[in-house]
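Here are some friendly notes to help you find your way around. Please keep the structure open as you read, and take the points in order.

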Amino acid sequence: MLDIGNIDHLINELKGKEDWITLQRVFNHSDSIIYVGHGGNLAIADHIAVDTIRLTKNKKVTFSPGSAIAATSFINDANFDSWLVDWFKPISNLLDKSKTLVIGISSSGKSKDIINLFNHCDKNDFKTALISAKHNNELPRSTTLVNTNCNSYHKSEVVALALGYQLILDSGFSCPSIT
């Protein structure tokens with residue numbers, strides 16, 4: 001049997017932590033949300049980006065490089081460590097920095113492409129948050145780190161998606177039931 005533990009308990013525990021409270025406050029204030037990751041976490045980022053714009057009834061504009069075409073084009077033109085910066089730059093010119101949040105999802109917390117994006121965002125006054133199973137000291141000090149302490153990739157990805165929905169729900173919108 002696949003062990004993902006008690007996700008409800010984990011999410012409730014995270015909701016009481018200062019980093020989550022900070023992330024929720026910034027999310028609520030932001031009009032534009034950028035979601036990034038790679039591999040399974042990029043799929044999670046893309047999925048929650050779509051649902052954020054849909055479930056907030058277009059109150060929040062979202063972006064995610066979820067297309068394999070976009071990702072591989074930018075990776076080919078530059079390199080893996082800088083592709084997210086190159087993808088983000090043209091989008092960032094359209095955004096109000098004070099109302100934009102960049103959320104990264106990384107199970108290991110060591111993804112150089114996300115760290116480089118967050119360093120770029122820090123230099124350009126964009127707010128950042130990382131949802132990760134592990135801690136990383138390479139992140140800019142301004143990054144809010146929500147550390148889930150998950151011990152497997154599958155649990156980390158499931159929890160990250162659930163946390164995306166929690167952000168939507170706790171910003172005053174609903175996540176509909178299946179009818």
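1. Let us start close to the end of the chain. Please bear in mind that this is a predicted model. Cys-175 sits in the segment that follows H7. With a relative accessible area of 31%, Cys-175 is partly exposed. Apart from neighbours within four places in sequence, Cys-175 is in contact with Leu-55, Tyr-165, Ile-168 and Leu-169. Asp-8 makes a useful reference point: 167 residues separate Cys-175 from Asp-8 in sequence, and their C-alpha atoms are 16 Å apart in space.

2. Next, the core. The largest nonpolar core contains 28 residues. Which of them have the most contacts inside it? They are Leu-23, Phe-27, Tyr-35, Leu-101, Ile-103, Val-146 and Leu-163. At least two residues of this core come from each of helix H1 (7–15), helix H2 (18–29), S1, H3, S3, strand S4 (127–132) and helix H7 (153–169). Ile-103 is a good residue to click on: leaving out residues up to four places away in sequence, Ile-103 touches Leu-23, Phe-27, Ile-33, Ile-34, Tyr-35, Val-36, Phe-118, Ala-129, Ile-131 and Leu-167. There is also a second, separate core of 21 residues, and Leu-84, Phe-88, Leu-95 and Cys-121 are among them.

3. Now look at helix H5. Seven of its 10 residues are buried, so H5 is largely enclosed by the rest of the structure. The buried residues are Trp-83, Leu-84, Val-85, Trp-87, Phe-88, Ile-91 and Ser-92. What do these residues pack against? Their partners are strand S1 (32–36), helix H3 (40–55), strand S2 (61–63), helix H4 (68–77), S3 and H6.

4. The pairing of H5 with H6 deserves its own point. The axes of H5 (residues 83–92) and H6 (residues 112–123) come within 7 Å and cross at roughly 40°. The two helices are therefore oblique to each other. On the H5 side, the contact is made by Trp-83, Leu-84, Val-85, Phe-88 and Lys-89. On the H6 side, Asp-113, Ile-114, Asn-116, Leu-117, His-120 and Cys-121 take part. Sorted by class, this contact has seven nonpolar, two polar and two charged residues.

5. Three threonines in strands are worth a visit, beginning with Thr-100. Thr-100 lies in strand S3 (residues 100–106). Is Thr-100 buried or exposed? Thr-100 has a relative accessible area of 0%, so it counts as buried. The side chain of Thr-100 reaches the backbone oxygen of Asp-96 at 2.8 Å. Beyond its neighbours within four places in sequence, Thr-100 is in contact with Ser-30, Ser-32, Ile-34, Leu-95, Phe-126 and Lys-127.

6. Thr-62 belongs to strand S2. Thr-62 is buried, and its relative accessible area is 13%. A polar atom of the Thr-62 side chain lies 2.8 Å from the backbone oxygen of Ala-49. Ala-49 also appears in the contacts of Thr-62, together with Ile-33, Tyr-35, Val-50, Thr-52 and Ile-53, once neighbours within four places in sequence are set aside. For a sense of distance, the C-alpha atoms of Thr-62 and Phe-118 are separated by 17 Å, with the two residues 56 residues apart along the chain.

7. Thr-144 is found in strand S5 (residues 144–147). Thr-144 is buried, with a relative accessible area of 13%. Not counting residues up to four places away in sequence, Thr-144 touches Asp-19, Thr-22, Leu-23, Thr-128, Ala-129 and Leu-130.

8. Finally, two loop residues invite a look at the backbone. Lys-57 lies in the loop between H3 and S2. The phi of Lys-57 is near 55°, a positive value in a residue other than glycine. Lys-57 is exposed, with a relative accessible area of 61%. Where is Asp-125? Asp-125 is in the loop between H6 and S4. Although Asp-125 is not a glycine, its phi is positive, at about 65°. Asp-125 counts as exposed, at 58% relative accessibility.

Technical notes. Residues are numbered from 1 along each chain as its sequence is written. This is a predicted model: local features need pLDDT of at least 70, side-chain atom pairs count only at pLDDT 80 or more; totals for chains, interfaces and linings use all residues. Side-chain values use heavy atoms; hydrogens and water are left out. Axes are lines fitted to C-alpha atoms, for helices over the stretch in contact, and angles run from 0 to 180 degrees between N-to-C directions. Helices (H or I, at least four residues) and strands (E, at least two) are DSSP runs, numbered from the N terminus. Angles under 35 degrees count as roughly parallel, over 145 as roughly antiparallel, 65 to 115 as roughly perpendicular and the rest as oblique. Contact means heavy atoms within 4.5 Å. Ala, Val, Leu, Ile, Met, Phe, Trp, Tyr, Cys and Pro count as nonpolar, Asp, Glu, Lys and Arg as charged, and the others, Gly among them, as polar. Buried means under 20% relative accessible area, exposed over 50%, partly exposed in between (1.4 Å probe, protein chains only). A polar contact is a pair of N or O atoms within 3.5 Å; within protein, one must be able to donate a hydrogen and the other to accept it, and residues adjacent in sequence count only if both atoms are side-chain atoms. A nonpolar core is a set of buried Ala, Val, Leu, Ile, Met, Phe, Trp, Tyr and Cys residues joined through side-chain atoms within 4.5 Å.
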